[in-house]
Amino acid sequence: MTSRFLRMQRARASRRGAALFVALFAAASVAVLATCLLQLTGASQKRQLASADLRRAFYLADAGLAEAYSGLTIGKTGNVGSEAQPAKLGRGVLWVVATEIDADHVQLESVGMCGRSRATVEMTVERGEDSVATLGVFAHQPLTVPAGSTIQGFDSSAAPADPGSGLLGELGGLGGFGGLGGGSPPVSTPAGRLGSNGDITLQGTARKPTVVDADLAPGVGHQAVIGAHVTHTGATAPRAAAAPLPAVELPFDPTGTGVDLQTPTPYIVQPGDIGIDHLTVATGTHAIVQGPCNLVVNDLTVAVGGTLEFDTDDGAVGVWVGDTLLIADGSTVVCSHTDPSLVTIQVASDVPARFGAAGKFYGVLYAPQAEATVGATAEVYGAFVADELVLTAGAKLNFDTHLDEVGALEILPTLLAWRLVELESALRHGEGSDPFEILGVDPAGLVTPAQAHADVPLHVVYQTLGGVTMTYDGMESGFDWTSVRSVQQLERSGLPVGYRPASVADLAAQTKPSQSTAAAALAQDPPLSSSALTTSLIAASPLTSSELTRIINASARFAPSDLKLILLANSPLASSVLDKTLLASPALPSADAAAVLIASSPLPPHIVAQILADALSLDIADKLAVLAAQ
Amino acid sequence: MRRGRRAGFTLIEAAIAIALLALVVVKVGMLVKMRTDTAAHENTALVVDDQARRVLEQISYAVMGASRDRLIPDPESPIYSSELRYEVSLGVQNGEVVWGDAQWIGLDKTADQVAWRERPDEPDERRVVWCKAVRPYLEGEQMNGVDDNGNGLIDEKGLVFTLTGSRVTVRLTLERKSETGEIVTRTVETMVTCRN
């Protein structure tokens with residue numbers, strides 16, 4: 001009995017170890033399985049995260065290119081941040097290195113980093129060119145406008161499609177307040193542009209008065225002389241810098257034999273690249289240049305009674321004249337469209353050129369080295385630029401303001417090539433789990449891409465909000481774009497920059513506080529004092545029309561002088577805001593209201609009409625001052 | 001007397017216990033198998049999905065650097081193609097864009113794998129298979145001369161390129177059997193703009 005009991009005791013003792021072993025084995029198995037599962041899930045998640053980070057890095061690099069490109073469009077270098085001090089965007093960073101390949105080409109290499117991924121993309125752009133067509137009617141030499149001439153402006157984008165309607169020609173010199181439309185609503189005509197690198201002289205006689213509805217821009221140190229019997233509307237300030245006139249280069253050699261037209265059957269210059277020695281349109285003959293066409297010709301002659309037609313139904317026509325351009329008085333030029341950007345005639349030589357054709361020529365004529373004569377019956381709609389411009393009494397030249405928009409597009413850099421340089425999902429070099437650790441930078445010290453553009457020396461001649469012309473020379477970071485009303489000259493790193501009016505808003509947007517600041521300042525509780533509110537709103541300027549309307553509606557919260565300061569800081573004001581300002585005129589003393597109106601001049605016709613009709617509470621002196629500014 | 005009270009189970013008790021145990025084991029086994037099958041199916045689906053997306057991304061990055069004017073054949077919509085020959089820019093030299101060697105993406109000879117080729121049909125051609133298991137026809141499509149899946153294309157293959165303007169639409173269907181023998185099909189689609 002005893003021995004059996006002892007055996008059972010020993011057996012129990014041996015089973016205790018087995019249970020522990022089984023339990024441990026089970027626990028270990030579960031742990032291994034769980035670890036495997038976790039690893040599997042972790043690896044899958046890691047792969048997905050790496051893939052997402054790679055995509056984000058690519059998008060960051062692409063955003064860097066976009067930022068650099070937008071910088072190039074306003075004359076910046078294209079450099080955005082650097083590897084040592086990148087720009088921060090979201091959870092990643094980016095920087096762009098711009099390399100000048102040559103005078104015309106810039107290569108932008110943009111790197112984006114997110115997580116442990118890195119992407120590099122590269123873009124090469126060709127710099128845009130400043131269009132000489134935006135010079136308007138321009139001569140490098142001193143320019144004299146003889147008696148009986150008419151120089152105006154028009155906007156071809158708003159013109160009727162039918163060039164024969166004559167509406168544009170009938171628009172009188174009424175300064176921007178509309179033309180006489182035979183009972184139709186007034187049509188607003190923009191001012192023309194008449195410029196020179198020398199003096200400008202406007203002549204007129206009692207029998208042959210001259211009408212110049214255009215801004216006069218004489219050369220640096222030169223002046224505009226306006227004689228008797230001249231009706232002039234527009235500015236007369238001299239240019240801030242001489243306008244260069246680049247020489248014309250023929251795109252290809254005119255190797256074909258010449259064409260002498262003898263029969264009245266129209267001769268058609270076919271679309272494409274055509275190079276011929278000469279094209280002579282004799283009396284009673286008719287030549288049609290069909291676009292799209294690049295015609296290079298040594299001599300282009302249209303005799304009295306000859307007709308030269310530009311058919312731009314299917315595309316633009318470009319004519320390059322290597323030697324002589326002679327479009328005789330009494331000949332005819334016909335254009336199928338009223339868009340001057342569709343027809344360009346460029347003269348490469350210094351042989352005197354003549355443009356005397358009757359009929360309306362919608363195009364751009366450019367002869368940078370030649371003396372060009374405009375005949376008495378000529379009517380040019382577009383731009384006319386020459387070394388020396390000789391206007392015959394009776395000539396009519398009309399600058400198309402739409403060419404400014406076309407020119408603004410030409411200034412934009414053009415994309416030549418884009419390529420993906422590198423996509424690396426797990427960086428082999430460096431340590432860390434995010435780009436800040438990898439690069440060793442403090443995210444708190446990084447700026448946004450818009451603020452990370454390389455600082456460059458800036459030279460700008462501009463008009464302040466108060467209408468004063470100022471010059472700034474220094475680093476761009478030290479310049480306050482919010483104080484600029486308009487720019488007359490802009491150079492970055494010593495290079496002239498094609499300036500577009502819209503750029504001021506773009507530039508100011510990079511430095512000014514968000515516009516929502518205005519709404520926040522107005523809604524602040526407890527309400528800010530008039531001066532504090534004014535300081536805040538001026539800092540947030542330019543404000544939108546709706547914000548300004550809101551401010552005028554709350555004019556009781558401002559001292560009159562503070563309200564004036566805010567409105568001046570946002571001048572020129574939109575028509576809708578001006579209406580509100582006038583309604584709020586009791587809140588503004590006469591002198592302050594006049595200052596606001598002058599800063600927003602030229603005023604819309606209906607406001608001028610109200611001033612003339614004494615509908616506004618302006619003192620007589622203030623009223624005269626406002627009218628004088630128109 | 002004490003011997004008659006020894007602890008233990010009768011044969012019937014033991015049989016019932018064993019039967020119940022067997023039932024439970026079978027049920028648990030079935031449950032485990034079902035779960036395993038589902039996991040295997042899901043795993044295959046994830047792998048196919050992941051692979052399809054990765055290949056689509058590779059194709060996107062490749063086509064992005066191409067020039068619209070240098071795509072061969074020109075798969076102007078609604079005509080389409082299962083292969084694309086293109087060139088990517090290497091940069092600009094003397095004002096002119098420099099183009100790299102011709103590259104090719106498409107269904108390989110076996111028609112079930114996506115391949116990338118550099119300098120195709122040249123003696124020094126380089127070829128990389130990007131993925132296998134491409135479905136013979138795009139999901140929902142059959143070889144019957146009809147647009148079965150309503151995407152505007154008729155009898156399109158498992159990899160298809162269509163081009164509208166400078167945008168290339170890429171569609172890819174991968175199909176694979178899971179361990180359980182079930183067919184897993186995944187279709188992905190993207191639109192890429194040629195930057196050059």
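Guide: In this predicted model, two residues are in contact if their C-beta atoms, placed from the backbone, lie within 7 Å.

Visitor: What makes chain A and chain B count as being in contact, and how many residues does each give?

Guide: By that cut-off of 7 Å between C-beta atoms, 11 residues of chain A are in contact with 12 residues of chain B. On the side of chain A that touches chain B, the elements that give two or more residues are strand S4 (117-126) and strand S26 (414-424) of chain A, and the largest share, six residues, comes from S26(A). That side of chain A divides into six nonpolar, two polar and three charged residues.

Visitor: Why are S1 and S26 of chain A said to stand at the edges of the sheet?

Guide: Five strands of chain A form an open sheet in the order S1-S2-S3-S4-S26, with antiparallel pairing. Strand S1 (87-89) and S26 of chain A each have a single partner strand, so one side of each is left without a neighbour in the sheet, and they are therefore its edges. From one strand to the next, the twist averages 25°.

Visitor: How do you know that S1(A) is paired with strand S2 (residues 92-100) of chain A?

Guide: Pairing requires at least two bridges found by DSSP between two strands, and three bridges join S1(A) to S2(A), which run antiparallel, so the criterion of at least two is met. Within this stretch of the sheet, Leu89(A) stands opposite Gly92(A) in S2(A).

Visitor: What share of chain A is called buried?

Guide: With burial set at 20 or more other C-beta atoms within 10 Å of a residue's own, buried residues make up 40% of the 630 residues in chain A.

Note on methods
Residues numbered from 1 in each chain as written. Chains lettered and ligands numbered in written order. Predicted model: local features only at pLDDT ≥ 70, side-chain atom pairs only at ≥ 80, totals over all residues. Helix = DSSP H or I, 4+ residues; strand = E, 2+ residues; numbered from the N terminus. Nonpolar A, V, L, I, M, F, W, Y, C, P; charged D, E, K, R; others polar. Axes fitted to C-alpha atoms, helices over the stretch in contact; angles between N-to-C directions. Buried ≥ 20, exposed ≤ 12 C-beta atoms within 10 Å, placed from the backbone.
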